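Dear colleague,

I am passing the structure below on to you, together with notes on what was found in it. Please read the notes with the coordinates open beside them.

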Amino acid sequence: MPRYRRQSAGSTYFFTVVAYRRRPIFCDPVFRSALREAVRIVRLTRPFVVDAWVLMPDHMHCIWTLPTDDGDYSTRWARIKRDVSSACRESLHIPGLLTGSGRERNESTIWQRRFWEHQIRDEYDMEKHVDYIHFNPVKHGQVGQVSDWPYSTFHRYVRAGIYSGDWAGALEIAELDLD
């Protein structure tokens with residue numbers, strides 16, 4: 001089992017964020033570029049460490065560690081969502097998909113309104129959630145091996161020596177407790 005190293009003393013959170021009506025747009029190059037830039041910009045004024053991340057076509061999972069005594073992940077997500085929505089408005093926003101209340105709120109058709117969050121409790125909880133994130137593309141049938149999915153921090157973990165390149169290969173899949 002890999003050993004994970006916490007990179008900051010702040011609270012650590014696992015997030016699930018879903019595309020509006022589960023549209024498969026999160027791997028789109030325009031979206032990925034906008035997300036990368038939005039995260040970079042938000043981290044300049046509201047820092048956080050990206051511990052793990054996977055982008056799936058219609059949802060994403062990530063783990064962030066916030067600075068000590070700063071638990072305001074909601075503002076960070078609001079700014080990221082706003083910036084991505086603005087950057088992707090021309091190519092990914094489809095006004096006809098909005099409900100009446102969505103139109104009244106001037107919402108985007110990129111994001112579901114809410115996201116799911118879970119505070120990481122300990123090292124074991126961190127390990128389970130990082131493994132869950134990295135195994136997600138296999139779980140959802142996008143690829144046969146974790147290493148084949150390009151939109152994941154898995155590759156960063158391999159370079160750091162935390163995972164082997166063939167982690168969760170055919171023999172290990174049965175041993176993972178990911179649900």
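Helices (H or I, at least four residues) and strands (E, at least two) are taken here as DSSP runs, numbered from the N terminus. Counted in that way, the protein has six helices and four strands, and from the N terminus on its elements follow the order β-α-β-β-α-α-β-α-α-α. Please keep in mind that this is a predicted model, in which local features need pLDDT of at least 70 and side-chain atom pairs count only at pLDDT 80 or more, while totals for chains, interfaces and linings use all residues. Residues are numbered from 1 along each chain as its sequence is written, and side-chain values use heavy atoms, with hydrogens and water left out.

On the overall figures, the accessible surface of the protein amounts to about 9400 Å², and 50% of that belongs to carbon and sulfur atoms; the areas come from the Shrake-Rupley method with a 1.4 Å probe, and for residues only the protein chains shown count as cover. A residue is called buried under 20% relative accessible area, exposed over 50%, and partly exposed in between (1.4 Å probe, protein chains only). By that measure, 48% of the 179 residues are buried. If contact is taken as heavy atoms within 4.5 Å, then 70% of the contacts between residues at least 6 apart in sequence join residues at least 24 apart.

Next, the interior. A nonpolar core is a set of buried Ala, Val, Leu, Ile, Met, Phe, Trp, Tyr and Cys residues joined through side-chain atoms within 4.5 Å. The largest such core has 27 residues, and Trp-53, Trp-64 and Ile-80 are those with the most contacts inside it. At least two residues of this core come from each of β1 (12-19), α1, β2, β3 (59-65) and α2 (73-92), with α1 giving the largest share, six residues. Apart from it lies another core, of 22 residues, which includes Phe-14, Val-54, Val-143 and Trp-149. As for Trp-53, once its neighbours within four places in sequence are set aside, its contacts include Leu-35, Val-39, Trp-64, Trp-77, Ile-133 and Thr-153.

Trp-53 also appears in the largest pocket, which has a volume of about 430 Å³ and is lined by 15 residues, the closest to its centre being Leu-35, Arg-36, Trp-53, Leu-55 and Thr-153. For the search, a 1 Å grid was laid over the protein atoms alone, and a pocket is an open set of points where a 1.4 Å probe fits, with protein on both sides within 12 Å along at least five of seven lines, its lining residues having an atom within 4 Å of a point. Grid points are joined across faces, edges and corners, and the volume is the space filled by probe spheres set on the points. Three elements, α1 (29-45), β2 (49-55) and α5 (154-159), each supply at least two lining residues, and α1 gives the most, with five. The lining divides into eight nonpolar, two polar and five charged residues, where Ala, Val, Leu, Ile, Met, Phe, Trp, Tyr, Cys and Pro count as nonpolar, Asp, Glu, Lys and Arg as charged, and the others, Gly among them, as polar.

Some single residues may also be worth a look. The loop between β1 and α1 holds both Phe-26 and Arg-21. Phe-26 counts as buried because its relative accessibility is 0%, and its C-alpha lies 4.9 Å from that of Pro-57, although the two are 31 residues apart in sequence. Arg-21, by contrast, is exposed at 51% and has a positive phi, near 55°, in a residue other than glycine. Asp-69, in the loop between β3 and α2, likewise has a positive phi, of about 65°, without being a glycine, and it is exposed, with a relative accessible area of 82%.

Two further acidic residues sit in regular elements. Glu-117, in strand β4 (residues 111-119), is partly exposed at 32% and, neighbours within four places left aside, is in contact with Phe-14, Phe-15 and Tyr-73. Asp-125, in helix α4 (residues 123-139), is buried at 4%, and with the same neighbours excluded it is in contact with His-118, Gln-119 and Ile-120; its C-alpha is separated by 9.9 Å from that of Phe-14, 111 residues away along the chain.

With best regards
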